[in-house]
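Hello,

I am handing over the structure we talked about, so that you can look around in it yourself. Have it open while you read the rest of this email.

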Amino acid sequence: MVETASPPTRAMERYEAIIGIEVHCQLKTTSKMFCSCSTAYDGAPPNTHVCPVCLGLPGALPVINRRAVEHVLATGLAIESNVPEATRWDRKNYFYPDLPKGYQISQYDLPLASQGRLTFDTSDGPFTVDITRAHLEEDTAKLVHGDGVSLVDFNRSGAPLMEVVTEPVIRTAEQARRYAEELQLLLRSIGASDADMERGQMRVEANVSLRLRGTEPFGTRIEVKNMNSFRAVERAIGYEIERQARALDAGEPVLQETRGWSEERGETYRMRVKETSDDYRYFPEPDLPPLHLDATWLASIRADLPELPGAKRARYRDLLGLSAYDAAVLVADPDASTVFEATMAADATIPAKVAANWVTGDFLRLRNASPSGVSIDAEELAAIIVAVDAGTISRANGREVLEAHVSTGEGAAAIIANRGLSQISDAGALGVIVDEVLAANPAAVADYRAGKDQAVGFLIGQVMKATKGQANAALAGDAVRARLADGGARED
Ligand SMILES: [Zn+2]
């Protein structure tokens, strides 16, 4: 969804920000990357989802998880990237307590996907981010720091992890946030990852540097970590741009370092200074065979891809005539687009804009108010929309019928009948009531004749009161005005 961007700051007038984003996301598989341990370790006691392979014990042999490979290939196809004919795994060597083998199995020069792109809307219009690569690797264990001790939980060790790296083509904090949002939507829509940032299933890191506008060379790159929400991504990058601009203006050197984002303080802080570039001494993983990606396999993965978010938004806009805003709201929420499409399918006479209003307004309000979600029958929503459109019930009563349907599961027709919500839209029946009201309110009729137009509103109110709100308000207004124009209540 497009929000208004923060106003350009003075820093952005002098400097141009060069931003690249790295995203790590946990792939949706039932077992780990190279062993059969379950990935359902969320909330489990520490070190209960482990085996010799994911503990990194000597002599244990890894076996490739086919589903994880398919998720990365599906992502690669969805971002229009190149897929090599064959790939392999490489060892990335470094020492850290969360990596007992002393190396991580990753991909170096033959990623599963390269040279892709992702397009999304921003407050300045559509923007395309070039994606350098998407590759597959294993997650590390998790360090838990407490009272003077650090503990290692290996449940996460060896979980399949996809890394997606962009070219340094992002220029604003808003573009960075929108890219991360669109990538999450894409990964969820193809079922590759749940990509929940707060649960660590999607981890976003940004490389940020500044250069004077009109110059070519890149400035010193700062890596920003610990951004646990989309809002944090935008705020942290915005903060970092301002911080670097202040340093450059003051003639202070910008150090190559890794900085964390503190949500409480609203600022980035130094984690470590990088004095040398990392040398991981990659070499091909000797325990895993190269992987051939044959065309039939790729074709079946491509055939299984659903309609992607960008294509769906374009279809809603261009074929169904929805606004860019409505299309974005519907596509950003899988429940909303499912209900929208099912409602349209249930009754072809409903205009797309009308169905979109009901779904983005009434349905999402009810759904968001219920943490466990709501169940809605699109056939019933279609029946409600048609009843409102035909004047059988008012718009306000339509909302009431929808609420009753969602909470009781009862059908629209039964709710309308049981609650007596049908409007009086019959001109003859309404005419009789209007005549009675005018006859009973001679003073108001006289006021109207004396030129007091507001008397009409009073009389319409009396008609609504006489029908207990069941008169079709628009028709009642027309009938009152027509009778007054005729000379008021008949005097027979
Ligand atoms: Zn294991």
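Below is a short tour of what was found, place by place. Please keep in mind that this is a predicted model.

**The zinc site**

Let's start with the metal. Which residues hold the zinc ion? Four cysteines coordinate the zinc ion through their SG atoms: Cys35, Cys37, Cys51 and Cys54, at 2.3 to 2.4 Å. The site is tetrahedral, and the angles among the four donor atoms run from 101 to 115 degrees. For orientation, the ideal angle for four tetrahedral donors is 109.5 degrees. Along the sequence, the donor residues follow the spacing C-x1-C-x13-C-x2-C. Within this set, the pair of cysteine 35 and cysteine 54 links distant parts of the chain: the two are 19 residues apart, and each sits in the loop between β1 (15–26) and α2 (66–78). Are these two cysteines buried or exposed? Both cysteine 35 and cysteine 54 are buried.

That same loop between β1 and α2 also contains asparagine 47. Have a look at the backbone there: phi of asparagine 47 is near 55 degrees, which is a positive value in a residue other than glycine. Asparagine 47 counts as partly exposed because its relative accessibility is 34%. Glutamate 80 is another non-glycine residue with a positive phi, near 55 degrees, and you will find glutamate 80 in the loop between α2 and β2 (86–87).

**The cavity**

How many cavities of 30 Å³ or more does the structure hold? There is one. The largest cavity contains about 50 Å³ of space. Its lining includes Cys54, which you can pick out together with Gly56, Asp98, Leu99, Pro100 and Lys101, among others. Further along the chain, Glu138, Asp139, Thr140, Ala141 and Ser157 are also part of the lining. Sorted by class, the lining residues are four nonpolar, three polar and four charged. Cys54 therefore appears twice in this tour, as a zinc donor and in the cavity lining.

**Two buried residues in strands**

Next, find phenylalanine 120 in strand β5 (residues 113–122). Phenylalanine 120 counts as buried because its relative accessibility is 1%. Leaving out residues up to four places away in sequence, phenylalanine 120 touches Gly125, Pro126, Phe127, Val129, Gln175, Arg178, Tyr179, Glu182 and Arg313. If you want a distance to check, phenylalanine 120 and glutamate 167 are 16 Å apart from C-alpha to C-alpha, and 47 residues apart in sequence.

Asparagine 207 belongs to strand β10 (residues 202–212). With a relative accessible area of 10%, asparagine 207 is buried too. Neighbours within four places in sequence aside, its contacts include Ile18, Ile19, Gly20 and Glu22, as well as Arg221, Ile222 and Glu223.

**A residue in a loop between helices**

Last stop: where is threonine 392? Threonine 392 lies in the loop between α10 (378–389) and α11 (395–408). Its relative accessible area is 34%, so threonine 392 is partly exposed. Beyond its neighbours within four places in sequence, threonine 392 is in contact with Ala387, Leu421, Ser422 and Gln423. One of these partners, leucine 421, is 29 residues away from threonine 392 in sequence, while their C-alpha atoms are 8.4 Å apart in space.

Enjoy exploring, and write back with any questions.

Best wishes

Methods
Residues numbered from 1 in each chain as written. Predicted model: local features only at pLDDT ≥ 70, side-chain atom pairs only at ≥ 80, totals over all residues. Heavy atoms only, no water. 1 Å grid on protein atoms, 1.4 Å probe; cavity = no way out; pocket = protein on both sides within 12 Å on 5 of 7 lines; lining within 4 Å. Points joined across faces, edges and corners; volume = space filled by probe spheres on them. Nonpolar A, V, L, I, M, F, W, Y, C, P; charged D, E, K, R; others polar. Donors = N, O, S within 2.8 Å, 3.2 Å for Na, K, Ca; no water. Tetrahedral: all angles 85-135°; square planar, octahedral: opposite > 155°, others 65-115°. Helix = DSSP H or I, 4+ residues; strand = E, 2+ residues; numbered from the N terminus. Buried < 20%, exposed > 50% of the residue type's maximum accessible area, 1.4 Å probe, protein only. Contact = heavy atoms within 4.5 Å.
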